Amino acid sequence: MSLDTPLPVTRTERLSAHEALQRLEHERNSRLTQLLALDEAGTDAESEVEEHVMSAQKGTIRRVLAEVEDAFTRVRDGSYGNCLDCAKPIPVERLEILPYTRFCVPCRRDTA
């Protein structure tokens, strides 16, 4: 089996809108908590390097928050859970791990 061979999907059903919204809300709250912690730690930054690292981390968290917000929109418009590239359903296991993902694994590899 190669890395390009799809793994068998053990759960064929899709996440319900309610499950997706719960996972996205949890993801949003976790990221907001991280951002708050970085803001609080930022007041204690002792060097430019620490400030730069925290700034980069904040940028990453903000990008993820934007992706989470986009995923909320996809839940509302009914496109959540479908790959934005190939339009095939994204495996439930992937959505459970990364609820804001926009791509299935093969398409993500192609866009990376």
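User: What span does H2 reach from its first C-alpha to its last, and what span is expected at 1.5 Å a residue?

Analyst: In this predicted model, H2 has 30 residues. At 1.5 Å a residue, a span of 44 Å is expected. The helix comes close to that value, with a distance from first to last C-alpha of 43 Å.

User: What is the sign of phi at the glycine that follows H2, and near what value does the angle lie?

Analyst: The residue in question is glycine 78, which comes after H2. Its phi is positive, near 90 degrees.

User: How many helices and strands does the secondary structure contain, and what pattern does the chain follow?

Analyst: The chain has four helices and zero strands. Read along the sequence, the pattern is therefore written with helix symbols alone under the DSSP assignment: α-α-α-α.

User: Which helix gives the most residues to the largest nonpolar core?

Analyst: The largest nonpolar core has 17 residues, and Leu24, Val68, Tyr80, Cys83 and Tyr100 touch the most other members. Helices H1 (17–42), H2 (48–77) and H3 (92–97) each supply at least two residues of this core. The greatest contribution, five residues, comes from H2.

User: Which residues are included in the second, separate core?

Analyst: This core is separate from the largest one and has five residues. Among them are Leu35, Leu38, Met54 and Leu65.

User: Which residues of H2 are buried?

Analyst: A residue counts as buried when its relative accessible area is under 20%. In H2 the residues that satisfy this are Met54, Lys58, Gly59, Ile61, Val64, Leu65, Val68, Ala71, Phe72, Arg74 and Val75.

User: Why does glutamate 27 count as buried, and which residues does glutamate 27 touch beyond four places in sequence?

Analyst: Glutamate 27 is found in helix H1. Its relative accessibility is 12%, so it counts as buried, the cut-off being under 20%. Leaving aside residues up to four places away in sequence, glutamate 27 touches Val64, Val68, Pro99 and Tyr100.

User: Which residues does valine 68 touch, not counting residues up to four places away in sequence?

Analyst: Valine 68 belongs to the largest nonpolar core, where it is listed with the residues that touch the most other members. Valine 68 is also one of the buried residues of H2. Beyond four places in sequence, the residues it touches are Leu24, Glu27, Arg28 and Tyr100.

User: Arginine 23 forms a salt bridge with glutamate 96; how many residues apart are they?

Analyst: The closest N and O atoms of arginine 23 and glutamate 96 are 3.8 Å apart, and the criterion for a salt bridge is a distance within 4 Å. Arginine 23 is partly exposed at 31% relative accessible area, and glutamate 96 is partly exposed at 26%. The pair links helix H1 to helix H3, and the two residues are 73 residues apart.

User: Which parts of the chain does the salt bridge of arginine 28 and glutamate 69 tie together, and what is its N to O distance?

Analyst: Arginine 28 lies in helix H1 and glutamate 69 in helix H2, so the pair ties together parts 41 residues apart in sequence. Glutamate 69 is partly exposed, with a relative accessible area of 34%. The side chains meet at an N to O distance of 2.8 Å.

User: Is lysine 58 buried or exposed, and which residue is its salt-bridge partner?

Analyst: At 17% relative accessibility, lysine 58 counts as buried. Its partner is partly exposed at 38%, and the closest N and O atoms of the pair are 2.9 Å apart. The salt bridge links helix H2 to helix H1 across 19 residues, and the partner of lysine 58 is aspartate 39.

User: How many salt bridges does the whole structure hold, and which residues do shared partners join into one network?

Analyst: A search of the whole structure finds five salt bridges. Those that share partners form one network, whose residues are Glu25, Arg28 and Glu69.

User: What separation lies between the C-alpha atoms of proline 106 and aspartate 85?

Analyst: Proline 106 is placed in helix H4 (residues 105–111) and counts as partly exposed at 43% relative accessibility. Along the chain, proline 106 and aspartate 85 are 21 residues apart. Their C-alpha atoms are separated by 9.9 Å.

Notes:
Residues are numbered from 1 along each chain as its sequence is written. This is a predicted model: local features need pLDDT of at least 70, side-chain atom pairs count only at pLDDT 80 or more; totals for chains, interfaces and linings use all residues. Side-chain values use heavy atoms; hydrogens and water are left out. A nonpolar core is a set of buried Ala, Val, Leu, Ile, Met, Phe, Trp, Tyr and Cys residues joined through side-chain atoms within 4.5 Å. Buried means under 20% relative accessible area, exposed over 50%, partly exposed in between (1.4 Å probe, protein chains only). Contact means heavy atoms within 4.5 Å. The expected span of a helix is 1.5 Å times one less than its number of residues.
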